[in-house]
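Colleague: I have just opened this entry and would like to go through it with you, step by step.

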Amino acid sequence: MTSMKTRAFADTQVGEQLPELAIPVTVTLINGGAIATRDYFPGHHDADAARELGSPHIFMNILTTTALVQRFVEQWSGPLATLHDIQIKLGAPNYPGDTMTFTGEVTERDEASRTLVVALKGKNSMGNHATGKVSVQLPA
């Protein structure tokens with residue numbers, strides 16, 4: 001759940017760790033994320049089609065991953081924060097039955113714009129599913 005209180009820029013520091021967020025990867029999450037983003041590629045919906053592609057099961061699309069990155073950062077920053085420039089790279093796929101755990105750290109602070117950079121990883125049992133960074137502007 002996103003905090004109802006938005007973090008103040010003055011209350012942040014480089015090196016600050018974001019609280020971990022563990023997300024169970026389910027068929028419903030993968031299907032729902034793909035449908036919500038109008039991604040009808042069979043590998044996100046149809047287990048038989050995914051197996052024909054060489055995958056053991058359906059797999060998460062990048063738009064769902066991006067939404068989960070946004071959830072992770074917003075849960076820490078609060079509802080009045082503005083996210084800019086989400087940059088992520090996919091690695092190991094997310095399959096149903098696994099758990100993806102996000103970790104993150106504030107790596108940069110810009111006083112003039114009240115902007116932070118959060119470096120993050122979303123890791124599952126096979127390794128890093130997503131790595132990247134997000135710029136976050138906080139209120140004064």
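**Contacts, sheet and salt bridges**

Modeller: Let us begin with Thr-64, which, once its neighbours within four places in sequence are set aside, is in contact with Leu-29, Gly-33 and Ala-34. Please keep in mind throughout that this is a predicted model.

Colleague: Is Thr-64 buried or exposed?

Modeller: Thr-64 has its place in helix H3, and its relative accessibility comes to 6%. Since a residue counts as buried when this value is under 20%, Thr-64 is buried.

Colleague: In what order do the five strands of the open sheet stand?

Modeller: The pairing in this open sheet is antiparallel. Strand S1 (17–24) and strand S2 (82–90) each have a single partner strand, so one side of each is left without a neighbour in the sheet, and these two stand at the edges. Neighbouring strands are turned by 20° against each other on average, direction ignored. Read across the sheet, the order is S1-S3-S4-S5-S2.

Colleague: Which helix packs on the sheet, and what angle does its direction make with that of S2?

Modeller: The helix that packs on the sheet is H3, covering residues 62–77, and it touches S1, S2, S3, S4 and strand S5 (127–137). Its direction, set against that of S2, makes an angle of about 135°.

Colleague: How many bridges join S4 to S5?

Modeller: These two strands run antiparallel, and a hairpin of two residues leads from S4 to S5. Within this pairing Leu-116 stands opposite Val-136 in S5. The number of bridges joining S4 to S5 is ten.

Colleague: Which residue of S4 is the bridge partner of Asp-110?

Modeller: Strand S3 (residues 99–110) and strand S4 (residues 115–124) run antiparallel and are joined by nine bridges. For Asp-110, the bridge partner in S4 is Thr-115.

Colleague: Which residue of S5 is the bridge partner of His-84?

Modeller: Here the pairing to look at is that of S2 with S5, which run antiparallel and are joined by seven bridges. In S5, the bridge partner of His-84 is Ser-135.

Colleague: Which residues make the nonpolar surface patch of about 240 Å²?

Modeller: One of its members, Leu-90, is found in strand S2, and at 37% relative accessibility this residue counts as partly exposed. A residue needs over 30% relative accessible area to belong to a patch, and Leu-90, with its 37%, therefore passes that cut-off. The patch is made by Ile-62, Leu-63 and Leu-90.

Colleague: How far apart are the closest N and O atoms of Glu-16 and Arg-7, which form a salt bridge?

Modeller: Glu-16 counts as buried because its relative accessibility is 15%, whereas Arg-7, with a relative accessible area of 21%, is partly exposed. A salt bridge requires the nitrogen and the oxygen to lie within 4 Å, and the closest N and O atoms of this pair are apart by 2.5 Å.

Colleague: In which helix do Asp-48 and Arg-51 both lie?

Modeller: The side chains of Asp-48 and Arg-51 meet in a salt bridge, at 3.0 Å from N to O, and Arg-51 counts as partly exposed at 44% relative accessibility. The two residues are three residues apart, about one turn of the helix, and both lie in the helix of residues 47–52, H2.

Colleague: Which residue forms a salt bridge with Arg-109?

Modeller: Arg-109 is partly exposed, with a relative accessible area of 27%, while its partner is exposed, with a relative accessible area of 55%. The closest N and O atoms are 2.7 Å apart, and the partner of Arg-109 is Glu-111.

Definitions and conventions:
Residues numbered from 1 in each chain as written. Predicted model: local features only at pLDDT ≥ 70, side-chain atom pairs only at ≥ 80, totals over all residues. Heavy atoms only, no water. Buried < 20%, exposed > 50% of the residue type's maximum accessible area, 1.4 Å probe, protein only. Helix = DSSP H or I, 4+ residues; strand = E, 2+ residues; numbered from the N terminus. Pairing = 2+ DSSP bridges. Axes fitted to C-alpha atoms, helices over the stretch in contact; angles between N-to-C directions. Contact = heavy atoms within 4.5 Å. Patch = residues over 30% accessible without salt bridge, like charges linked within 9 Å, V, L, I, M, F, W, Y side chains within 5 Å. Areas by Shrake-Rupley, 256 points an atom, 1.4 Å probe, with all protein chains shown as cover.
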